[in-house]
Amino acid sequence: MDTRNPMFPVPYYIRRVKKETHDTFTIELEPENDADGFFFAPGQFNMLYVFGVGEVPISISGDPARPKTLWHTTRAVGAVTRAICKLKRGGTLGVRGPFGTPWPLEESLGNDVVIVAGGIGLAPLRPVLYRLISQREKYGNVVLLYGARTPQDLLYTQELEDWRRRFHIEVKITVDSAEKNWSGNVGVVTTLIPKAQFDPQHTVAMICGPEVMIRFTLMELQKNGVKAENIFVSMERNMKCGIGLCGHCQFGPTFVCKDGPVFRYDRMVNIFGKREI
Amino acid sequence: MMAPSSENKEHFVLEREYFQKLLDTLIQRGYRVVGPTVGEGAIVYTKLNSVADLPIGWTDEQDGGAYRLKKRDDQSLFGYVVGPQSWKKFLLPSALRLWQAKRVGKSFQIIPEDEKSQKFAFVGVRSCDMHAIAIQDKIFMNGQYGDSHYKSRRADAFILAVNCGKAGGTCFCVSMNTGPKTTFGFDLAMTEVLEGNRHYFVAETGTELGAEILHTTPHKKANKEEIFYADDVIKKTAGQMGRSMDTTDIKNLLYKNYEHPRWDNVAERCLACANCTLVCPTCFCTTVEDVTDLTGEHAERWRKLDSCFTMDFSYIHGGSVRSSTKARYRQWMTHKIATWIDQFGTSGCVGCGRCITWCPVAIDITEEARAIRESEPNLKRETAEGAEKTTHNHKEGI
């Protein structure tokens, strides 16, 4: 057992704050004391504490191979996330973590990988993309299907280009609505699934986004032949402790903080999609 | 669960007049002795200094949404069933400061709480509540992390169990296999016997410490007759259960019925007041509150008991996951008697009946479970007509 109390936030310096969109920021953190760095698996999250304001669970959006720097992409939607977005270089943020289950990168070896992201749901999947491009030859086709509200809401636009051009990743983007100068797709992210190149029998799918988007994506992927046991989703619930004790993140028999956030779909068929579980 | 028979375990008799001596010993040994007393119109747990603090000659009458103290026609010390409070009042306090922090330059420093362990002696632990403590142990003592506050309080707690001499109108420990006789976890366990002019306790020791404490007090070996009377008290209690619950395959019953019409029915009655979660001896959900002083230099984190019946409980940006009362009641009851089994290998219900007694509108978990179970054949036919009929029948039944 970790001797450090898991309820004590550890101070991290803010090295950089990058504005991604009008309401979304990526903060780059650096441990104040921990010389070894911060190690995590793609899909895990941290509890981020703003001194005196409060704490929220935020997934890690950086590169697992670069432990000296810790990235979180946050949208300003509540008191704590708004306070996070106001923080400046040189300030401090408390970190507890990493917590939760990872994306199935081992299980995906040798298979095609279909990543479906909605909105800020791309953030917890970015570590997967970093891992995939660092070991690109070990995987088959890699497809990223990404939906956002408008072209202005798209995250990591430069990287999306890089992944497509330099790392042979099939990146398809769609938006719910756009101005006339947008030449890309308009429509929900599920419309991209039939157009993507993957062998459904040998595909691992990873989904993160709003629950309604996850629900339709699950249906469409299965319609296209992807097996339920090869589909993984990341869930979001209220969390206060991150260590399975506060009870807030319950989702049926599971605690999202420790049994998730990444779940294998066939193991939650009974509860997923039912209202208000 | 082991069920030690009275025949092969050594029993002792402690006369009523020596009960004070027992409390004195515990106090002398540095325990904060807590147990039942009459207060706020109920039997509540408080610090005990003497036998006179106990609810001598009092009992409680309980039913759905109803609790009354009543005088007994004898002078028994533990002649009640259970009050609204449970031992989680001490093991899982309703508000606890987890840490303080001070600003240091642009950073901050965490100041851990000085964990001075409180040595509690719990006097009058019922079998259902012993099970409830064991259930919370699984949550806070095991697992990857556990809770250091709970662990230290729990490790030092002395448990003096007193078996129930009567069952309440909302009790169903026999159904849940959690009572009325305490079979594990205690240092000392006693059954109070009032027989003719005699008033005594038949005691069993559960630990060496329990035996040591008992031996500081005048006592003798129990004879067959005294053991018989004590066993008879428990047997009678077991026969008085006011409620019952069929737990056969109850996990799957609930898992199959997330969308049962009964949830709409109970939602029409439930006030989402959270009373059931507060009185439940196993409900463990908490929230944290982060606060600062006016200067902004000093911050604290508090952990407070929370309830899945509040709107905030499941809030994520955009709204609460469980915004309807229906979903919140379903979450509570399904957690209590079904998902708990997958989470911790045990039911989360010990049959103490508190949630029934203290529900202001007398919602009864045993009745809700029964309603779902009895409608099962209809559901299996999967006809809309069958489902409608089920709802209709329930409404008539209220």
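1. Let's start with chain B, which in this predicted model has 15 helices and 16 strands. Its C-alpha trace spans about 65 × 65 × 35 Å along the principal axes. The radius of gyration of chain B is 23 Å, which agrees with the value near 21 Å that a compact globule of 398 residues would have. Of those 398 residues, 45% count as buried. Contacts between residues 24 or more positions apart make up 71% of the chain B contacts with a separation of 6 or more.

2. Chain B is worth viewing as two domains. The domain assignment gives domain 1 as 12-97 + 116-238, and domain 2 as 250-397. You will notice that domain 1 is written as two segments. The centres of the two domains of chain B, taken over C-alpha atoms, are 28 Å apart.

3. Where do the two domains of chain B meet? Here 31 residues of domain 1 are in contact with 28 residues of domain 2. On the domain 1 side, β5 (66-71), β6 (95-104), α3 (127-140) and α5 (173-176) of chain B each supply at least two residues. Helix α3(B) gives the most to that side, with eight residues. By class, the domain 1 side has 16 nonpolar, eleven polar and four charged residues.

4. Helix α1 of chain B, residues 19-28, makes a nice place to zoom in. Which of the residues of this helix are buried? They are Phe19(B), Leu22(B), Leu23(B) and Leu26(B). Looking down the axis of α1(B), you would find these buried residues within an arc of 95 degrees, so they line one face of the helix. They pack against the strands β1 (12-15), β2 (32-39), β8 (120-125) and β9 (158-162) of chain B, and also against helix α6 (208-215) of chain B. After α1(B) comes Gly30(B), with a positive phi near 90 degrees.

5. Next, the nonpolar cores. In soluble globular proteins, nonpolar side chains tend to be buried together. The largest nonpolar core here has 128 residues, and the members that touch the most others are Ala121(B), Phe122(B), Leu160(B), Ala161(B) and Ala203(B). Helix α3(B) gives the most to this core, with seven residues. A second, separate core has 45 residues, including Val113(A), Leu125(A), Val204(A) and Phe232(A).

6. Ala121(B) deserves a look of its own. Apart from its neighbours within four places in sequence, Ala121(B) is in contact with Leu26(B), Tyr31(B), Arg32(B), Val33(B), Phe158(B) and Leu160(B). Among these partners, Leu26(B) is one of the buried residues of α1(B), and Leu160(B) is named among the core members that touch the most others.

7. Turning to chain A, you will find five helices and 15 strands. The C-alpha trace of chain A spans about 50 × 45 × 35 Å along its principal axes. Chain A has a radius of gyration of 18 Å, in agreement with the value near 19 Å for a compact globule of 277 residues. Of its 277 residues, 48% count as buried. In chain A, residues 24 or more positions apart account for 71% of the contacts with a separation of 6 or more.

8. Finally, how do the two chains meet? In the model, 33 residues of chain A are in contact with 40 residues of chain B. The chain A side of this contact divides into twelve nonpolar, 14 polar and seven charged residues.

Key
Residues are numbered from 1 along each chain as its sequence is written. Chains are lettered from A and ligands numbered from 1 in the order in which they are written. This is a predicted model: local features need pLDDT of at least 70, side-chain atom pairs count only at pLDDT 80 or more; totals for chains, interfaces and linings use all residues. Domain bounds come from an automatic or database domain assignment. Two residues are in contact if their C-beta atoms, placed from the backbone, lie within 7 Å. Helices (H or I, at least four residues) and strands (E, at least two) are DSSP runs, numbered from the N terminus. Ala, Val, Leu, Ile, Met, Phe, Trp, Tyr, Cys and Pro count as nonpolar, Asp, Glu, Lys and Arg as charged, and the others, Gly among them, as polar. The radius of gyration is taken over C-alpha atoms; the globule rule is 2.2 Å times the number of residues to the power 0.38. A residue is buried if 20 or more other C-beta atoms lie within 10 Å of its own, exposed if 12 or fewer, and partly exposed in between; C-beta atoms are placed from the backbone. A nonpolar core is a set of buried Ala, Val, Leu, Ile, Met, Phe, Trp, Tyr and Cys residues joined through C-beta atoms within 7 Å. The arc is that of the directions from the helix axis to the C-beta atoms.
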